[in-house]
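Please walk through this protein with its strands, disulfides and backbone details taken in turn.

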Amino acid sequence: MSPWLAAALHPALLSFAATQHPLTNTNNPSVDSYSSTCSSLASQLSIPSATLNFSQPVTAGTNLTFPSRNPDCVTVSGELPSIVVPVDICRVSLFVSTSDRSGINMEAWLPKNWTGRFLSTGNGGLAGCIQYRDMIYGSGLGFATVGADNGHNGAAGEAFLNNSEVLEDFVYRSIHTNVQVGKEITKEFYGAPHSKSYYFGCSTGGRQGLKSVQDFPEDFDGVIAGAPGNDWNNLMSWFDYLFTVTGNSSSPTFIPIDKWLGIIHSDILSQCDLIDGVQDGIVEDPNLCEYNPDGLICQSNSDPSSCITAEQANTIKRVFSPFFINGEFTYPRVQPGGESPIFTAWILGGDVVSFSADWFRFVVHSNPSLDVHTLGEADWKLAQQLDPFNISTVKGNISAFKERGGKLLTYHGQADGLASPIISELYYDHVSNTMNLSNPDMDQFYRFFRISGMSHCSSGTGAWRIGQSFFGDVSELEGENLNPDRNVLMAMVRWVEEGVAPETILGTKFVNDSDELEVEFSRRHCKFPLRNTYDGQGDSTEPESWSCQ
């Protein structure tokens, strides 16, 4: 085992990892044969409907680029243009046909320091981009790791137009196929099957994780679903609805982004920051914040740059209220306190979010020329009714996953400006009510953590680093960063393999969000429905000054 991994893994996990290491397991490639076994994998694989592109050894320190990837995977989805591989891997690329007019491009990264574990990664947005940062993270921690492009290349939705097969790949089939094929590749390469199977994703990746739990309970022993974009159809309609609330930049109801990020955010903090007892720029539990913007309405002698109109105040109230269709609750409100440059501009910037625009053009109405600025309740209701391949992902009975011993961990940033964090509370309660389970019963297989001050999947003013992905520094794969008390992936491993479930997740906020600088503060995030509360004494930057109540 490499020194950094041995130092990083929780001590109780080391004995298991050592027995599965390819250099000590006689069923696995030896040091001398690792590269040759990788290079010859193509001649050994026999997977129906699969075409191998290449299998090649990649040594630690190699800087990988992805020339065949659509550029909008970087410009729209935020993926890295290139990435340095921190450990030796066997990189396998293949195309798997899923029908006569659809298929997925997928990769399997098989690390030399294999722990016996298998990991599937997810996607983001409209999900046409392999998330290589998560491939780095999984393989760097010794998981045989797979990822796929969900049947189309790029962040846009044109590929869905009049092709239900590609849409089916996007909704569920890509992940399920990717897992089945990935497990076969893993077994062939290492000469032994995986010991435990895990899933790891956020946003659309969170929805994919829930979809696997609901429809393919045998695929994973442990699923981590962050900020899941489930209730998908209503989420797409919510994006469009918010445009009808704000209007475009010339509308009297529109509020410039600088005012959202400036005077409105400051006013929200002045009303709600101290609810938790600490003035730190974080609304710990935005459910308790009932923000009233009336105090910002311009008076006769006001500076227009530092105030808002009565119409704009009404816009704010509507943004911070639930979304209804024909009087029926449809999707929860935007939570106050999560105003950020990127996501506020996306959902309140005077246009329809691109994900929503593409969904209505290429799926709901199959009309590339559709003017998404004129949609309304009839269109939103139609999206609900269509629900292709049950993409809503709101099935409440997940007893098959529970009964086979599966574990589900969800987390959601409370400053998420793209997918309302309330949706994760609603789904948790939906499962509890559907299965008639109390909170202690739910704790046996399903735990949900609210991460204060975290934006969508990452970033924000809170202690948002919880081991949810790879952010570019090898130190994330070392030492205390992999303590299961502060790392959701290793917390899941400990829960599945040792039966020790996480009670809290310790988050970290680095100064300027850089690993190379000092820790600004840490905070333990509570298991829902508990609420993190300052105890009223002690240093509020220390986790010991807070408790779950």
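The paragraphs below go from strand pairing to the disulfides, then to a helix, and finally to some local features of the backbone and surface.

The model is a predicted one, and everything said here about its geometry is computed from it. A convenient place to begin is strand E5 (residues 102–111), where 9 of the 10 residues are buried, so that the strand is largely enclosed by the rest of the structure. Strand E4 (residues 89–99) runs antiparallel to E5 and is joined to it by 10 bridges, and the two strands form a hairpin with 2 residues between them. Within this pairing, Arg91 has Trp109 of E5 as its bridge partner. Strand E5 also pairs with strand E7 (residues 144–148), again in the antiparallel sense, over 4 bridges, and here the bridge partner of Ala108 is Val146 in E7.

Another pairing involves strands E8 and E9, which run in the parallel sense and share 5 bridges. Strand E9 (residues 222–226) has 5 of its 5 residues buried, so it is largely enclosed by the rest of the structure. In a regular strand the side chains alternate between the two faces of the sheet. In E9, Gly222, Ile224 and Gly226 point one way while Val223 and Ala225 point the other way, and all of them are buried. Opposite Gly226 of E9 stands Cys202, a residue that leads on to the disulfides.

How many disulfides does the model contain? The count comes to 6, and when the bonded cysteines are numbered in sequence order the pairing reads 1-3, 2-4, 5-10, 6-7, 8-9, 11-12. One of these disulfides joins Cys202 to Cys457, with the sulfur atoms 2.1 Å apart, and with -100 degrees about the S-S bond this link is left-handed. Cys202 lies in strand E8 (residues 196–202) and Cys457 in the loop between strand E13 (446–451) and helix H18 (488–498), so the pair ties together parts that are 255 residues apart in sequence. Both Cys202 and Cys457 are buried.

A further disulfide joins Cys73 to Cys129, with an S to S distance of 2.1 Å. The torsion about the S-S bond of Cys73 and Cys129 is about -85 degrees, so this disulfide is left-handed. The pair links distant parts of the chain, 56 residues apart, with Cys73 in helix H5 (residues 72–75) and Cys129 in the loop between strand E6 (117–121) and helix H6 (132–140). Cys73 is buried, with a relative accessible area of 0%, and Cys129 is buried as well, with a relative accessible area of 5%.

The disulfide between Cys298 and Cys307 has an S to S distance of 1.8 Å and, with 95 degrees about the S-S bond, is right-handed. Is each end of this link buried or partly exposed? Cys298 counts as partly exposed because its relative accessibility is 31%, whereas Cys307, at 3% relative accessibility, counts as buried.

Helix H9 (residues 232–246) can be checked against the span expected of a helix. At 1.5 Å a residue, its 15 residues should span 21 Å, and the end C-alpha atoms are 22 Å apart, which agrees. Of the 15 residues of H9, 14 are buried, so the helix is largely enclosed by the rest of the structure. Just after H9, Gly247 takes a positive phi of about 70 degrees.

Most residues other than glycine have a negative phi, and most peptide bonds are trans. Against that background, Ala227, in the loop between E9 and H9, has a positive phi of about 35 degrees although it is not a glycine, and at 1% relative accessibility it counts as buried. Asn162, found in the loop between E7 and helix H7 (164–190), likewise has a positive phi, near 55 degrees, but at 57% relative accessibility Asn162 counts as exposed. A cis peptide bond, with omega about 10 degrees, joins Phe528 and Pro529, and Pro529 is placed in the loop between strand E15 (519–526) and strand E16 (532–534).

At the surface, Phe324, Phe329 and Leu426 make a nonpolar patch of about 280 Å². Phe324 belongs to strand E10 (residues 323–325) and, at 40% relative accessibility, counts as partly exposed.

Terms used: Residues are numbered from 1 along each chain as its sequence is written. This is a predicted model: local features need pLDDT of at least 70, side-chain atom pairs count only at pLDDT 80 or more; totals for chains, interfaces and linings use all residues. Side-chain values use heavy atoms; hydrogens and water are left out. Patches are made of residues with over 30% relative accessible area and no salt bridge: like charges are joined within 9 Å, nonpolar side chains (Val, Leu, Ile, Met, Phe, Trp, Tyr) within 5 Å. Accessible areas come from the Shrake-Rupley method with a 1.4 Å probe; for residues, only the protein chains shown count as cover. A salt bridge is a side-chain nitrogen of Lys or Arg within 4 Å of a carboxyl oxygen of Asp or Glu. Buried means under 20% relative accessible area, exposed over 50%, partly exposed in between (1.4 Å probe, protein chains only). Two strands pair if DSSP finds at least two bridges between them. A disulfide is a pair of cysteine sulfur atoms within 2.5 Å. The expected span of a helix is 1.5 Å times one less than its number of residues.
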